[in-house]
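User: I would like to go through the charged side chains of this protein one question at a time, with the reasoning set out before each result.

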Amino acid sequence: MQRKKRPFEPINRDDVRMYVCGPTVYDRAHLGNARPVVVFDVLYRLLRHVYGPDHVTYVRNFTDVDDKINATALARKEAGAEGSLEELVHERSDETIGWYLNDMRALGALDPDEMPRATEFIGPMIAMIEDLIAKGHAYEAEGHVLFAVESYKNYGRLSGRSVDDMIAGARVEVAPYKRNPMDFVLWKPSTDDLPGWDSPWGRGRPGWHIECSAMSYELLGATFDIHGGGNDLQFPHHENEIAQSKCAHPDAGFANYWLHNEMLQVEGKKMSKSLGNFFTVHDLLEQGVPGEVIRFVFLGTHYRKPMDWTEKKRAEAESHLRHWHKLERQGLSKKLEDDEIADLVDQQLLDALGDDLNTHEAMLRLKQLRKEAEMFAEKDSEAMRRFFANVRFMGFTDLDVGRLNTMAYIKEAVDEVLLNSMIAELQSARTAKDWAKADSIKANLEAAGVKIMIGPDKVDYEFTADFDPSKLEGL
C-alpha cells in the first residue's frame, strides 16, 4: 500500500502468517496460474528458513463455488450421472484440485499448511455478512446482499485509484437494486438447478470476494502478516477483501504486507487461445518439459516484472539442469537432510531473496556456486555439497534426468559419444599448439550450438538454445 519496499517485521516471530489467493478449480491450471504458486513457494521456503518451519503458516484457498464448476456438474447430471448437484460439484472440485496439486508439485512447490475450500466455510461467510449488515456496511436487495462501497472511506487505497476512476475504468454489473454502481455482491440467490445454501436471505451462494475474507479470518485471524496473489487480483478482489475485512473488524489491520506478481506472456504476447499460445502446466509436462525446467524459467525473472515464457529460455534452462543432472550422476552429490540444507544455505543467495524476493539474483548466485563446486570438486567436496544444498533450497528437489524429453536423450548421446571425442581432439590440438585446427574444431562446435569454455587446464562446454545435433554429423 505504501508503494515501496519495507523491512518485514512479523506480528509474532513464532507465528508468521501468509495468505495467498488460490485457483478457481473448474479446469486444468494454465501456465500463468502457476507463476504465483512458484513465487510464493520461494517466499514460503525463505520464511521457513528464517523463522523455522514450525513457526510459519501458509494458507492458499480453493474457490469451489463458481458458475463454470456448476455448469460442468449440471452437464454431468443431465447426462445421467448419479448424485445431487452439490455432490457432483464436489466431485468435479475433487478432480480438478487433484490435477492442480499434482501439477504444482511437479514444479517443486510445497503444499501450503492449509488449503481451505470455499464450500467448507459457508457458515463463517454468512456470519460475516450478517455482521456487515448490522454495522451498516451492507444491505439486502431483491434476494442479494451487497457491500456499500461508500461506507468504507479508504476504498481504492491498495490500487491507488479513486472510486470515480474505478467506476470509469471497470466493468461493473449494472443492476437496479444497487445503490452505487461499485457496490459488490456478498450473497446472491440460487435457483433450484444450482448449488445453494440456506441463509437469512434465502437459498443462495456467496459472492467471490467474501470467501477469502472469511477463510483468512478463520485460519489466520483478523490481522496477519502477508497477503499475496497476482496483480490482476489487486482490483477488485483484494480491494474488496480489505473493505469487507476492515469493516467487519475495524480495530484490526487485515494484512500488513501485500505482494503482487506480474503476469505471464508467451514469446512476448499475452497468452490466449485465439493466438494459439495458450497451454496448461499439464500440457507442458505431457510434452516432456520437466517441472524443474518450468520452475527454472520462472525464477529467472523478478516477480514484479512481466514474465516471458520463450522457447529459448526453456532450452537454456534445460541445458543448465542437465549439467546439474550430470554432476549428480558422477556421484558428486549425496542425499542431504533438511537440517544439513539449512546449515549450508548461502548467505549471498539469502540476501538476494531477502531483497524483495529477487529470484533473478538468487539464480545467478546459484550458477556461481555451481562453478565454484566444479572448480574445487576434487579438492573440496564441501563446495559440491553446498551447491546442491542451495539447489534443494530453491525448490529443485527432484533432478530426474529420466523425465527429460526426447531431444534431451539425443543430447545425452551426443554428449557421451561425439562431444567427448571432439573435446579431446580440441585439447590435443591446443597441447600441440596447432591453433588453426583448435580454432576450426571450436568454430564447428559453436556453429552447432555448443558453447566452448577454455580454461587454463581444461576445456568445458554447455549446450545453447540453438543446439542442433544434426550439425555435428560428419565433423
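The exchange below concerns a predicted model, and it moves from one arginine to several salt bridges.

User: Where along the chain is Arg 117 found, and is Arg 117 buried or exposed?

Analyst: Arg 117 is found in the loop between helix H3, residues 85-106, and helix H4, residues 122-134. Its relative accessibility is 11%, and the cut-off for the buried class is under 20%. Arg 117 therefore counts as buried.

User: With which side chain does the side chain of Arg 117 make a polar contact of 2.3 Å?

Analyst: Leaving out residues up to four places away in sequence, Arg 117 touches Phe 62, Asp 64, His 90, Ser 93, Asp 94, Ile 97 and Met 215. Among these, His 90 is joined to Arg 117 by a side-chain polar contact of 3.3 Å. The polar contact of 2.3 Å is made with the side chain of Asp 94.

User: How many residues apart are Arg 205 and Asp 67, which meet in a salt bridge?

Analyst: The side chains of Arg 205 and Asp 67 meet at 3.0 Å, N to O. This pair links distant parts of the chain, since Arg 205 lies in strand E6 (residues 204-206) and Asp 67 in helix H2 (residues 67-78), and the two are 138 residues apart.

User: Which of these two partners is buried, and at what relative accessible area?

Analyst: Asp 67 has a relative accessibility of 45% and so counts as partly exposed. The buried partner is Arg 205, with a relative accessible area of 7%.

User: Which residues are linked with Arg 76 in a network of salt bridges?

Analyst: One salt bridge of Arg 76 is with Glu 95, where the closest N and O atoms are 2.8 Å apart. That pair links helix H3, which holds Glu 95, to helix H2, which holds Arg 76, across 19 residues. Glu 95 counts as partly exposed at 29%, as does Arg 76 at 24%. The network links Arg 76 with Glu 91, Arg 92 and Glu 95.

User: What is the distance between the closest N and O atoms of Glu 425 and Lys 437?

Analyst: Glu 425 forms a salt bridge with Lys 437, and the pair joins helix H15 (residues 406-431) to helix H16 (residues 435-447), twelve residues apart. Glu 425 is partly exposed at 37%, and Lys 437 is partly exposed at 38%. The closest N and O atoms of this pair are separated by 3.4 Å.

User: How many salt bridges does the structure hold?

Analyst: The pairs discussed above include Arg 205 with Asp 67 and Glu 425 with Lys 437. For the structure, the number of salt bridges is 22.

Terms used:
Residues numbered from 1 in each chain as written. Predicted model: local features only at pLDDT ≥ 70, side-chain atom pairs only at ≥ 80, totals over all residues. Heavy atoms only, no water. Helix = DSSP H or I, 4+ residues; strand = E, 2+ residues; numbered from the N terminus. Buried < 20%, exposed > 50% of the residue type's maximum accessible area, 1.4 Å probe, protein only. Polar contact = N/O pair within 3.5 Å; in protein donor to acceptor, adjacent residues only side chain to side chain. Contact = heavy atoms within 4.5 Å. Salt bridge = Lys/Arg side-chain N within 4 Å of Asp/Glu carboxyl O.
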